[in-house]
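Q: I have a protein model open and do not know where to begin. Can we read it together, one feature at a time?

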Amino acid sequence: MNNLLLYWGGYCMPTSLQPVRGMRDLIGEEAQIFTTILGKARQTAECYGFCEVVVPHVESFELLSAKSGEEIRQRMFIFKDLGERQVALRPEFTASIARLVTTVLRNEPKPLRLFSSGTVYRYDEPQKGRYREFWQSNFELMGSSRPEADAEIVLLTNALMASLGLEGYVFKIGHIGVIRGILGQDGVDEKTQNAVLQKMDKKDYDAALELVDSEKSRSMLEGLITLKGNNWREIVNQMQIYVANYPIAKLAVENLGDILGLIAESGDLRVEVEPAFARGLEYYTGMIFEIYVPQLDIALGGGGRYDRLIEVFGGDATPAVGCAHGIDRVAIALQTQKAIGGKKVTKKVAVIPITEALKPQALRIAQQLRLAGVAVEFEVMGRKMVKALEYADKRKSDYAVIVGERELKDGTVMLKDLSSRQQNIIAIEKLAETITG
Ligand code: HAM
């Protein structure tokens, strides 16, 4: 019934005016927090030499599902367009950026540093911090297989979180090459490896182990599951001992050690190394990470190395590493920590002319204040002062500027502080200075 349309006078009226399940409207302060986070992400991109690219919301399903993994594949918004092409709403940016690097950017000098932001879509079960339409800021560094590229991606994420004033966040770090190296050497085929990693991502270790026929691999994984901690050197040393007879996994542990060493020496990060950590996306080949704050048990962002995706798309071998930050979740974390939630950037003022005739002068005063960086809501409803002040209170304005004839003759106005309720006569030329204080 909810989705039925009423036909009235030839027009179609929707009977449900709710947003589609899992999608949200962002209003006022909430929208402002998103703008602030996206602004900081863009600043971070600039500081780290990333070039912004804007890619379509809709791509071919085939492109989006190549190497994304079963979980993302099952949760895409897929549809046929009017030309019978099977397309989908993007569930992430990485596939679109890889498409660009395989085609129009193919001959650009490497490395390529590409930044994007916007909404992405996944048919997840809606709950706090989990939506079907959500925002990401996304960074991809293409063309380098060296550990400093991995370190840059982690460090820029740290810079973004720090610039927002987020506190107590921890980087969880692992390496997919260690797990794949072990399973591959023991003859576990790639399809089974993918299924094992999906289970490990969900921390369903029993189900993951059940999928592995090789007893050697099972006991190796059991060992890795017991290891984790914030002393990265110690964990890496223990991993080295575990994988001593697995040459490919051994190289992966060395690579993880190199990356962690660079991160530890160049930044002040809290790191938790978790060798049995896996992520839902299938394209990862190396270091993987996620960021958490103590107040939420969902990741604020994540990423990792994926060295073969461009080849899967038919491009030249291009090692790559990247990450995406969940803006909706970062906003929740900031609000929970009250980091930017209630902080106003500019003072807000209501300008109220007492009579109709004073409108031009009041508008001029409003303009002067705006030029001085004050946010002004001019009284456009022709209301009497009491009603206009009631509205200013509801709008949480800091001050009301009341423009009256008598004061104006002396080059002054009445400035009312809406929190203390005190009012003073102020010279118009001193008004902006008094408000911004
Ligand atoms: P991802 O871990 O799937 O990685 O998503 C990145 C972030 O998006 C998550 O850490 C989370 O903050 C946010 N997120 C994911 N699902 C939801 C949801 N349903 N509602 C709200 N927020 C959500 C990627 O997307 C990779 N493309 C990252 C990457 C780039 N790896 C390499 N390059």
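Q: Which cysteine sulfur is closest to the sulfur of Cys 51, and how far away is it?
A: One thing to know before we start: this model is predicted. The closest cysteine sulfur to that of Cys 51 is in Cys 47, 15 Å away. That is too far for a bond.

Q: What kind of bond is a disulfide?
A: A disulfide is a covalent bond between the sulfur atoms of two cysteines. To count one here, the two sulfurs must lie within 2.5 Å. Cys 51 does not pair with Cys 47, because their sulfurs are 15 Å apart.

Q: Where is the closest cysteine sulfur to that of Cys 47?
A: It sits in Cys 323, at 15 Å. Again, that is too far for a bond.

Q: How many disulfides does the structure hold?
A: Zero.

Q: Are Cys 47 and Cys 51 buried or exposed?
A: Look at relative accessible area. Over 50% counts as exposed. Cys 47 has 67%, so Cys 47 is exposed. Cys 51 has 43% and counts as partly exposed.

Q: How much of the protein chain is buried?
A: Buried means under 20% relative accessible area. Of the 437 residues in the chain, 51% meet that mark.

Q: Now a helix. Which residues of H15 are buried?
A: H15 runs over residues 385-394, and Ala 388, Leu 389 and Ala 392 are buried in it. They lie on the same side of H15, because they cover an arc of only 100° around the axis.

Q: Which residues are exposed on the other side of H15?
A: Val 386 and Lys 394.

Q: What covers the buried residues of H15?
A: Strands, among other possible parts. The cover includes E14 (348-353), E16 (399-403) and E17 (412-417).

Q: What is the phi of Lys 396, which follows H15?
A: The phi of Lys 396 is positive, near 60°.

Q: Let us step back. How many helices and strands does the protein chain have?
A: There are 17 helices and 18 strands. The C-alpha trace spans about 90 × 60 × 45 Å along its principal axes.

Q: What share of contacts joins residues at least 24 apart?
A: Start with contacts between residues at least 6 apart in sequence. Of these, 66% join residues at least 24 apart.

Q: What about the surface and the charges?
A: The accessible surface comes to about 22,400 Å², and carbon and sulfur atoms hold 51% of that. The chain has 54 positive and 57 negative charges, and their mean positions are 6 Å apart.

Note on methods
Residues numbered from 1 in each chain as written. Predicted model: local features only at pLDDT ≥ 70, side-chain atom pairs only at ≥ 80, totals over all residues. Heavy atoms only, no water. Helix = DSSP H or I, 4+ residues; strand = E, 2+ residues; numbered from the N terminus. Buried < 20%, exposed > 50% of the residue type's maximum accessible area, 1.4 Å probe, protein only. Contact = heavy atoms within 4.5 Å. Areas by Shrake-Rupley, 256 points an atom, 1.4 Å probe, with all protein chains shown as cover. Lys, Arg positive; Asp, Glu negative; His and termini not counted. Charge placed at Lys NZ, Arg CZ, Asp CG, Glu CD. Arc of directions from axis to C-beta.
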